[in-house]
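Could you walk me through this model in my viewer? I'd like to know what to select next and what I will find there.

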Amino acid sequence: MRRALPTALIAGGVVVGVLLLRRRLRIHRVHTILRSSHELYQTKQYEEALTAAKHAQTVALTEVGENSSAHLQTTMHLAAVHAAMRQNDLALATLDDCDAIIAARADGQLASIPVLHARAEVHEASRQIARAMHALESAREIRYESLGDNHLDFAFSCFNLAGLLVREASEALIMYDSARAQKLERAISLTLEASSVASKAHAPEEAEGFVLAMLELVVSSDKLADLKEAAPHIAKLREREKNFF
């Protein structure tokens, strides 16, 4: 004969179920507002996207929780909207808030990678290349320590850093040829490392793509393609390219 469950236990289960339902509804509300802001962002209606982003963040904070993933997600999006509007100081301050949420959640170092990438983009847009470089170096180091040197994400970190180096060498109006060549040398070294890591990670398309993308960046740059000091480094890329054909 089955024993009846105590009334208190049944009541407690109902309360928990109601609380979970309410929380899901609050999260759904946040995501609905956030989706609206994303759509406005995609169509470059930035003022409207900003209003919706701030609303989503407020709802996430007050109704879901300060250290919730919803609050982190909405704060990251708010930083992106600020950056799109060239409000770089506000974007960086908002990314500081993201760091604080991640620290409180104790999610681990890998959780900070999107924030570091966002910081790099904001700094690069502000022409603060050294700070952008530092952010990407930190992301690469975290992935190396957390994932090892045979993981595809580490390969992408190498290539992200290489891309920034070659853009700086290509776009700087005033720079000695020797300095351009040094930056290109490291960019190519990082690209070859990214390609090798991708091969080890059984990602042949990415291994090839890194090399071809870097070659395209170099040969399309008037300041790099014909740079005498860069020729030996470009030759290394060409040599690796032969492996894919």
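By class, how many nonpolar, polar and charged residues does the lining of the second largest pocket have? There are five nonpolar, three polar and three charged residues. Keep in mind as you click along that this is a predicted model.

To see that lining, select His117, Ala120, Glu121, Glu124, Leu136, Phe159, Asn160, Gly163, Leu164, Arg167 and Leu217. The space they surround is about 160 Å³. Helix 5 and helix 7 are the elements that give two or more residues here, and helix 7 gives the most, with five.

Next, stay with helix 7 (residues 152-171) and add helix 9 (residues 204-219): their axes come within 11 Å and cross at roughly 5°. Because angles under 35 degrees count as roughly parallel, helix 7 is roughly parallel to helix 9. Show the side chains of the contact, including Phe156, Phe159 and Val166 of helix 7 and Phe210, Met214 and Leu217 of helix 9. The residues of this contact divide into eleven nonpolar, one polar and one charged.

Now move to the largest pocket, with a volume of about 200 Å³. Select Met76, Ala79, Ala80, Ala83, Arg86, Leu95, Pro114, His117, Ala118, Glu121, Val122 and Ala125 to display its lining. Helix 3 (69-84) and helix 5 (113-125) each supply at least two of these residues, with helix 5 giving the most, six. Colour the lining by class and you should find nine nonpolar, one polar and two charged residues.

For a last stop, pick His117 and Glu121: both line the largest pocket, and both also line the second largest pocket.

Methods. Residues numbered from 1 in each chain as written. Predicted model: local features only at pLDDT ≥ 70, side-chain atom pairs only at ≥ 80, totals over all residues. Heavy atoms only, no water. Axes fitted to C-alpha atoms, helices over the stretch in contact; angles between N-to-C directions. Helix = DSSP H or I, 4+ residues; strand = E, 2+ residues; numbered from the N terminus. Parallel < 35°, antiparallel > 145°, perpendicular 65-115°, else oblique. Contact = heavy atoms within 4.5 Å. Nonpolar A, V, L, I, M, F, W, Y, C, P; charged D, E, K, R; others polar. 1 Å grid on protein atoms, 1.4 Å probe; cavity = no way out; pocket = protein on both sides within 12 Å on 5 of 7 lines; lining within 4 Å. Points joined across faces, edges and corners; volume = space filled by probe spheres on them.
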